[in-house]
Structures are given as C-alpha cells and as structure tokens.
Amino acid sequence: MKTLLVGATGLLGPEICKRLAAAGHQVRALIRPTADASKREALVGLGVELVSGDLKDAGSLARACNGVQAVISTASSTLSRQPGDSIETVDEQGQLALVEAARNADVDQFVFVSFRENPRIQFPLTIAKRAVERALKSSGMAYTILQASYFMEVWLTPALGFDAANGKVRVYGDGSRPISWISCWDVARAAAAAVTEGSARHMVVELGAPQALSPLEVVRMFEAAGAGEITTESIPEEALEAQLQSADDSLQKSFAGLMLQYAAGDVIDTTVSSRLFTVQMSTVRDFIATQLAAARG
Ligand SMILES: NC(=O)c1ccc[n+]([C@@H]2O[C@H](COP(=O)([O-])OP(=O)(O)OC[C@H]3O[C@@H](n4cnc5c(N)ncnc54)[C@H](OP(=O)(O)O)[C@@H]3O)[C@@H](O)[C@H]2O)c1
C-alpha cells in the first residue's frame with residue numbers, strides 16, 4: 001500500500017510519515033524544490049520516496065498520484081509560502097487540483113486535514129476548505145475529512161502571543177469561550193490511522209481533546225502548574241471584525257477569521273472520534289507540563 005503525502009515538510013507531515021512507515025506502508029511525499037534540506041533528509045531517513053512538485057502545478061500532481069492508493073493532504077499556504085502562493089492558489093485551487101488528480105489516478109482514499117466551519121464567520125481559508133470538502137464528497141473516493149480544533153502547539157505558544165512561561169499571554173476576544181484544543185500529534189496520528197486502519201472512510205470527523213477549556217481557564221491552569229502570575233492582553237472581537245472587513249489580503253483576512261472563530265469558542269463533540277481513534281488524546285494539562293518543563297530546561 002502506497003500513500004502520497006502533500007505537506008510532508010510541515011508540522012504534521014513528518015509525524016504522519018513516521019506513523020505510516022512504522023505500520024509498514026510505503027510513503028511518497030510531494031516536495032517543493034524550495035523545501036528545507038534538513039527536512040528532506042529526515043524524510044529520506046524514514047524511507048520516504050520524494051517526488052518534486054507543487055500544488056500549483058497540476059502536471060506534478062498527476063505524476064505524484066500515479067500508482068498510489070491513498071492521498072493525505074495537510075498542505076496550506078498560511079504559514080509556509082513561496083512567491084505565487086496564496087489561499088486562493090494553494091488552499092483552494094491547488095487542493096482542488098489535487099483532488100482531481102487523485103480521482104483521475106483511481107486513488108481509493110483521500111484524507112484531508114481541515115477545520116470546522118462557523119457559518120457566521122466567513123473568510124478565504126474557510127471558503128477554500130469548504131470547496132475542497134465538497135469536491136471530495138462528490139469525488140467517488142473514500143474521503144476522510146478531519147476537522148480539527150485549534151492546535152495547542154500553535155495557539156497556546158509564543159508564536160501566537162501565548163507566552164505563558166514568560167508570564168504574558170494574548171487571547172483573542174474576551175477569552176471566556178471554550179475551545180477543544182488538540183495536540184497536533186493527535187491530528188497526525190488520526191490522519192495516519194485513517195489510512196493504516198481504514199478508519200473513517202466516507203466520513204467527516206471532528207477532532208478535539210475531550211475537555212473544552214476557555215483561554216482564560218488555560219491561563220489559570222498554567223499559573224496553578226507553576227508558571228507564576230500571567231498578564232493577559234485581550235484583542236477585542238470588534239478589532240478582529242474590523243481587520244476581517246478591512247484587510248485586502250486573503251491571508252490577513254483568514255488570520256482575522258480564525259481568531260474570530262477562536263473568540264466565538266470551538267467545542268467539539270468527541271463521541272465519534274473517540275470511537276474511531278481509540279488511543280487516549282493528549283490533554284491541555286499534559287501540554288502545560290511539557291511546556292513548563294521545557295522552559296525550565
Ligand atoms: N494550526 C491549527 O490550529 C489548525 C487547526 C485545524 C486544522 N489545521 C490544518 O492543518 C494543516 C496544517 O498542517 P501543518 O501545521 O503541518 O502545516 P504547516 O506546518 O504550515 O506546513 C504546510 C505544508 O504545506 C506545504 N505547502 C505549502 N504550499 C504548498 C504548495 N504550493 N505546494 C505544495 N506544498 C505546499 C509546505 O511545504 P514547504 O515546506 O515547501 O513550504 C508544508 O509542507 C492545514 O491544512 C491547516 O489548515 C490547522
């Protein structure tokens with residue numbers, strides 16, 4: 001069984017490759033010529049076959065899909081972009097072209113990493129995700145759409161202003177609405193299991209940790225775990241709404257939309273995912289312990 005992974009050089013990709021390889025699956029990764037050399041080497045070390053390509057190059061997608069039984073796509077232009085990349089060219093048209101290439105190559109299963117829609121908050125990235133989800137559902141392939149909540153390793157870290165270990169955090173909105181924060185490693189595990197265990201075929205699965213917590217509850221938990229007193233800055237929803245309306249760039253609009261969606265809360269019903277992916281999910285408490293241990297050296 002051979003799986004094509006698109007997004008192998010991102011946060012989730014290497015972990016998905018490791019899990020597929022450990023289960024005895026062959027893995028092919030679509031890699032851009034600009035990809036980081038150490039990330040390429042690490043993939044080669046895992047036995048991954050590298051093929052050159054880009055989501056904006058339909059010919060490369062056809063070559064990459066040839067002879068694989070499954071495709072997993074985690075790729076996105078939100079954090080890792082090259083000239084010509086945008087939400088429209090990569091997350092929408094590129095992913096749609098990948099679905100088409102997979103369908104033409106008679107791929108059996110397609111796993112797509114996405115997030116839930118909040119119908120009240122529309123922005124380019126959510127519009128792109130919905131377009132790809134619709135294309136997958138009508139493609140005839142066994143689709144697995146993983147709608148993950150906010151990744152702890154991204155949204156509860158200094159990268160997005162949440163620097164609990166240094167006593168300063170930024171929250172979006174008033175910080176009172178609960179979110180089913182999930183570890184990115186659990187999302188990677190679910191994506192790999194969807195292929196190796198054939199779980200969740202023809203399904204949209206919402207993924208989140210079992211306990212939903214508000215950002216302010218997470219702050220209190222960091223303090224109780226020994227982070228010391230934390231100062232919280234809140235970005236008002238009105239400011240995020242203004243950014244969403246006034247930004248002329250689809251990436252800035254999308255960041256504002258994601259922050260507004262966070263401010264509105266994102267509680268996931270984990271009944272289905274816990275039945276499908278039986279290993280216990282990491283909790284925010286686990287994440288806090290790891291973060292504080294790393295900060296203490
Ligand atoms: N962060 C969250 O809280 C969250 C929550 C729910 C869902 N998600 C979804 O989870 C996925 C994020 O995964 P991640 O964190 O692993 O992403 P990431 O670290 O930002 O990596 C993005 C990957 O996409 C590749 N890529 C970008 N543009 C490409 C193009 N034009 N052609 C081919 N590959 C391209 C990048 O390749 P290069 O290395 O060559 O740039 C990289 O491998 C996204 O789909 C996101 O929407 C995220």
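This tour moves through a predicted model, naming at each stop what to select and what is found there.

**Stop 1: helix H10**

Begin by selecting residues 250-263, which make up helix H10. The helix has 14 residues and reaches 20 Å from its first C-alpha to its last, close to the 20 Å expected at 1.5 Å a residue. H10 is mostly covered, with 11 of its 14 residues buried. Among these buried residues are Ser 250, Leu 251, Ser 254, Gln 261 and Tyr 262. To view what covers them, display H4, H5, H6 and S8, together with helix H8 (215-227) and helix H9 (237-246), which are included in the covering. Beyond the helix comes Gly 265, whose phi is positive, near 90 degrees.

Next, select Gln 261, which lies in H10. Is Gln 261 buried or exposed? At 3% relative accessibility, Gln 261 counts as buried. Leaving aside neighbours within four places in sequence, Gln 261 is in contact with Phe 115, Arg 116, Glu 117, Asn 118, Ile 121, Phe 123 and Tyr 150. From this list, keep Phe 115 on display: the charged end of Arg 130 sits over the ring of Phe 115, 5.3 Å from the ring centre.

**Stop 2: the aromatic rings**

The structure holds 8 aromatic pairs. For one of them, select Trp 155 and Tyr 262, whose rings form a tilted pair, 5.7 Å centre to centre with 45 degrees between the planes. Trp 155 belongs to helix H6 (residues 152-155) and Tyr 262 to H10, so this pair ties together parts that are 107 residues apart in sequence. Both partners are covered: Trp 155 is buried at a relative accessible area of 9%, and Tyr 262 is buried at 1%.

Now add Trp 181, which forms an edge-to-face pair with Tyr 262, 5.7 Å centre to centre and with 80 degrees between the planes. Because Trp 181 lies in the loop between strand S8 (168-172) and helix H7 (184-196) while Tyr 262 is in H10, this pair joins parts that are 81 residues apart in sequence. Trp 181 is buried, with a relative accessible area of 0%. Which residues form one aromatic cluster with these? Tyr 150 and Tyr 172 complete a cluster with Trp 155, Trp 181 and Tyr 262.

**Stop 3: the nonpolar cores**

In soluble globular proteins, nonpolar side chains tend to be buried together. The largest nonpolar core here has 73 residues, of which Trp 155, Trp 181, Leu 207 and Phe 222 touch the most other members. H7 supplies the largest share of this core, 9 residues. Select Leu 207 and display what surrounds it: apart from neighbours within four places in sequence, its contacts include Leu 146, Ile 182, Val 187, Ala 190, Ile 268, Phe 277 and Met 281. A second, separate core contains 24 residues, including Val 71, Ala 75, Phe 110 and Ile 145.

**Stop 4: helix H4**

Select residues 87-104, the 18 residues of helix H4. At 1.5 Å a residue, H4 should span 26 Å, and its end C-alpha atoms are 24 Å apart, which agrees. Where does H4 bend? The bend is at Gly 94 and amounts to about 30 degrees. Gly 94 is itself one of the buried residues of H4, alongside others including Val 90, Asp 91, Leu 98 and Val 99. To see the packing around the buried residues of H4, display strand S1 (2-6), helix H3 (58-65), strand S4 (70-73), strand S5 (109-114), helix H5 (124-137) and H10. Asp 106 follows the helix, with a positive phi near 60 degrees.

From H4, move to Ser 76, found in the loop between S4 and H4. Ser 76 is partly exposed, with a relative accessible area of 26%. Not counting residues up to four places away in sequence, Ser 76 touches Val 90 and Asp 91. Ser 76 and Asp 91 are 15 residues apart in sequence, and their C-alpha atoms are 5.6 Å apart in space.

**Stop 5: Lys 168**

Finish at Lys 168 in strand S8. Lys 168 is exposed, with a relative accessible area of 58%. Beyond residues up to four places away in sequence, Lys 168 touches Gly 161, Phe 162, Asp 163, Ile 230 and Thr 231. Add Thr 232 to the selection: Lys 168 and Thr 232 are 64 residues apart in sequence and 6.1 Å apart in space, C-alpha to C-alpha.

Note on methods. Residues are numbered from 1 along each chain as its sequence is written. This is a predicted model: local features need pLDDT of at least 70, side-chain atom pairs count only at pLDDT 80 or more; totals for chains, interfaces and linings use all residues. Side-chain values use heavy atoms; hydrogens and water are left out. Rings of Phe, Tyr and Trp (its six-membered ring) pair if their centres lie within 6.5 Å; planes under 30 degrees apart count as stacked, over 60 as edge-to-face and the rest as tilted. Helices (H or I, at least four residues) and strands (E, at least two) are DSSP runs, numbered from the N terminus. Buried means under 20% relative accessible area, exposed over 50%, partly exposed in between (1.4 Å probe, protein chains only). A charge sits over a ring if NZ of Lys or CZ of Arg is within 6 Å of the ring centre and within 35 degrees of the ring normal. A nonpolar core is a set of buried Ala, Val, Leu, Ile, Met, Phe, Trp, Tyr and Cys residues joined through side-chain atoms within 4.5 Å. Contact means heavy atoms within 4.5 Å. The expected span of a helix is 1.5 Å times one less than its number of residues. The bend at a residue is the angle between axes fitted to the seven residues ending there and the seven starting there.
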